[in-house]
Amino acid sequence: MISIQHISKGFGGRVLFKDVSLHMGLEDRVALIGPNGAGKTTLLEMIAGRVSPDSGTITINKKAVIGYLTQELEASGRKTALEEVLTGGSDVSSLEHRLRLMEEEIATASPEEAEGLLAHYGDLQSKYEHLGGYSQEARAREILFGLGFKEKHLSRAMEEFSGGWRMRVALAKLLLSGPDMILLDEPTNHLDLASVIWLEEFLAKYEGATLLISHDRNFMNRLANRVVEVDRQQLNSYTGNYDAFVAAKAEAQQILEATVKNQQKKIESTEAFIERFRYKATKARQVQSRVKMLDKMEKVEIAPQRKLVRFSFPEPPRSGETVIRLIDIDKSYENNPIYRNLNVELRRGDRVALVGPNGAGKSTLLKLLAGVLLFEKGERKLGHNVTQAYYAQHQLELLTPDNTVLEEITIAAPMEEQSFLRAILGRFLFSGDDVKKKVAVLSGGEKSRLALAKMLIRPANFLLLDEPTNHLDIPSRDVLEEALQDFTGTICFITHDRHFIRSVANRIIEVQNGTATPYPGDYDYYLYKTQVLAGRLPDPALQIQGGESTVISKPKEIKTWKSKEQKRKEAEERNRQYQETNLLKGKLSTIESGMAEAEKTLQTLTRMLSDPELYQHKDRLAETIKAHAQAKKKHEEFMAEWEHLSHLKTSS
């Protein structure tokens, strides 16, 4: 479907690609990886036709439709979120608009005019049904709900949303359009964990080809059947997912190192022979032969190691055993209660990941812990000798565009020597003249590294991190993970990167429905417990299969003491959720029955409209069109209510 032949591309005197080729077919699912600044986004831009190569050709099947999700947002307008997404199915949307107009004209037209309009209406409706128009809005809603939107958000104007939410709308619009190939540039950056998992499931079932840039290992492992690495101006292709790529590259590196070692031994042996017999006439021919062999030998070399971030937190002062307590906190936004009587306690050495559905209040909880958000009732108590550092999602936006890198870090530590600040920046790959770069020209990854460097300047024993891995490449994420694993203080963080959670967290707090439920174990323990509670795993974890016992491994649990009051509140919450779930199930059952009946009626009327004989009887045709419009409206109402209740059930 796509053929890249011998292309080269450079920017500002720097060569990104040199004589590279790549072919992609209809069933390829390619993960494009490489360090920040290597040219991954530029390659997508060239395939999308937004940037031209300096030389070489990119050939795309003329019938193929390419969809591209960029990191840059187009200007938002007055369209609602749902309206904007529906423009993704432009062919269907324009047909629906024309059908509605024709229905109005048919209703007011003379018999002679109506005859021609009705014939045209039948052709258009057949095409509309073939394109899946009747399910278009339902699919748009399904995608938006999957990406974290709620019913109340769908009617809001695009200009009212933040950049992250507008990016989700752009992604929903692209997914609805169903192109033959989707180009995705770090699609998970603006999503929470639940939305990442939903998108992963959606793309796994998607029938088209995908080419994605991502730094999320789980995401690539699930979706990719090829990995293409951008490395030193070349494209290197590997079969399989990301883990297969890591294994293949490690094996190739071992083979290369062994080859270099063997070649070096041969060179040394040959040079020793030449030196020993250089002046012996009887060996002159053999010596000359070996000299020529060395001259012609193509040296195998190991490429120099790429520079990596060198990240380690300074040893912080020791805090008290209790780091922070939130006691009976009430927090609302615009009279919308988020928390009521919230109680959270973190202890020294905790590495807590906050998880839960979008909009549940994870960032709000992190801000309450950080002390950057006011609350209506309750108390926030810091423990003895606690010092904190807060890395927010909008940290990159707080960087001053006109400042240089060095000026920006100086703001965080104005009393420090320039040599010390330069040393810190050097550990984050800002060396030499890089420190003189303006913040405005930095890439997303560079801005993330600078923001992390500012946080590192002063030692703190309580770190609060909101999506710290966004825009960081995989090697930088690995270094950050290792630094946090070695950190002796306390950490509370939010991330959509499951690998990061597994590597760092020793406790999980699930935020949902105004509650913060602690799980005293790692991420796998949390998954295990939630599956047990949902009835997807037995408890105790013992099954009998084929006459043999199979033990389901239960992750390690950290025992914590609970008061009678805590147990009572948890029991009341479980009872409330049980009652709400039963009520929702009853409503859903009623709606599903009505929806099935409406769908049956709609299908019957659609079949009638597909019958050419009907168009010979004007009165019957007009009645059928009217009945079809009413049935369609009723079905859409049932569908909207079903989507709403299903979303509530999933969130509960």
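Helices are DSSP runs of H or I with at least four residues, numbered from the N terminus. By that rule, residues 81-86 form helix α2, and Glu84 lies in it. The model described here is predicted.

Glu84 is buried, with a relative accessible area of 19%. The cut-off for buried is under 20%. Beyond residues up to four places away in sequence, Glu84 touches Lys79, Met158, Val169 and Lys173.

The protein as a whole holds 19 helices and 20 strands. Of its 652 residues, 44% are buried. Contacts between residues at least 6 apart in sequence were also examined. Among these, 69% join residues at least 24 apart.

One open sheet has six strands. Their order is β5-β6-β7-β3-β8-β9, and the pairing is mixed. β5 (66-69) and β9 (234-239) stand at the edges. Each has a single partner strand, so one side of each is left without a neighbour in the sheet. On average, neighbouring strands of this sheet are turned by 15° against each other, direction ignored. Strands of a sheet pair through backbone hydrogen bonds, either parallel or antiparallel. Strand β3 (residues 29-33) pairs with strand β7 (residues 209-213) in the parallel sense, over four bridges. Leu32 has Ile213 in β7 as its bridge partner.

Helix α6 lies across β5 and β6 (181-185). The helix runs at about 170° to β5. Leu171 belongs to α6, which spans residues 163-177. With a relative accessibility of 2%, Leu171 counts as buried. Its contacts, leaving aside neighbours within four places in sequence, are Leu69, Leu147, Leu184, Leu191 and Leu199. Leu184 is 13 residues from Leu171 along the chain, and their C-alpha atoms are separated by 8.9 Å.

At the other end of the strand order, a loop runs between β8 (226-231) and β9, and Arg232 lies in that loop. Arg232 counts as partly exposed, at 43% relative accessibility. The C-alpha atoms of Arg232 and Leu16 are separated by 7.8 Å, although these positions lie 216 residues apart in chain separation.

A further open sheet of six strands has the order β14-β15-β16-β12-β17-β18, again with mixed pairing. Its edges are β14 (388-391) and β18 (515-519). Each edge strand has a single partner, so one side of each is left without a neighbour in the sheet. Neighbouring strands here are turned by 15° against each other on average, direction ignored. β14 and strand β15 (residues 462-466) pair in the parallel sense over four bridges. In β15, Phe462 is the bridge partner of Gln388.

Two helices pack on this sheet. Helix α11 (residues 362-370) lies across β12 (351-355), β14, β15, β16 (490-494), β17 (507-512) and β18. Its direction is at about 155° to β15. Helix α14 also packs on the sheet, touching β14 and β15. The direction of α14 makes about 170° with that of β14.

α11 is mostly covered, with seven of its nine residues buried. The buried residues of α11 are Lys362, Thr364, Leu365, Leu366, Leu368, Leu369 and Ala370. Gly371, just after α11, takes a positive phi of about 80°.

α14 (residues 444-456) also meets helix α12 (residues 405-412). Two packed helices are described by the angle between their axes and the distance between the axes. For α12 and α14, the axes come within 9 Å and cross at roughly 30°. Angles under 35 degrees count as roughly parallel. α12 and α14 are therefore roughly parallel to each other. The crossing of α12 past α14 is right-handed.

On the α12 side, the contact involves Val405, Glu408, Ile409 and Ala412. On the α14 side, Leu450, Ala453 and Lys454 take part. These residues divide into five nonpolar, no polar and two charged. An α-helix has 3.6 residues a turn, so residues three or four places apart point the same way.

Definitions and conventions: Residues numbered from 1 in each chain as written. Predicted model: local features only at pLDDT ≥ 70, side-chain atom pairs only at ≥ 80, totals over all residues. Heavy atoms only, no water. Axes fitted to C-alpha atoms, helices over the stretch in contact; angles between N-to-C directions. Parallel < 35°, antiparallel > 145°, perpendicular 65-115°, else oblique. Left-handed = near helix turned anticlockwise from the far one by under 90°. Contact = heavy atoms within 4.5 Å. Nonpolar A, V, L, I, M, F, W, Y, C, P; charged D, E, K, R; others polar. Buried < 20%, exposed > 50% of the residue type's maximum accessible area, 1.4 Å probe, protein only. Pairing = 2+ DSSP bridges.
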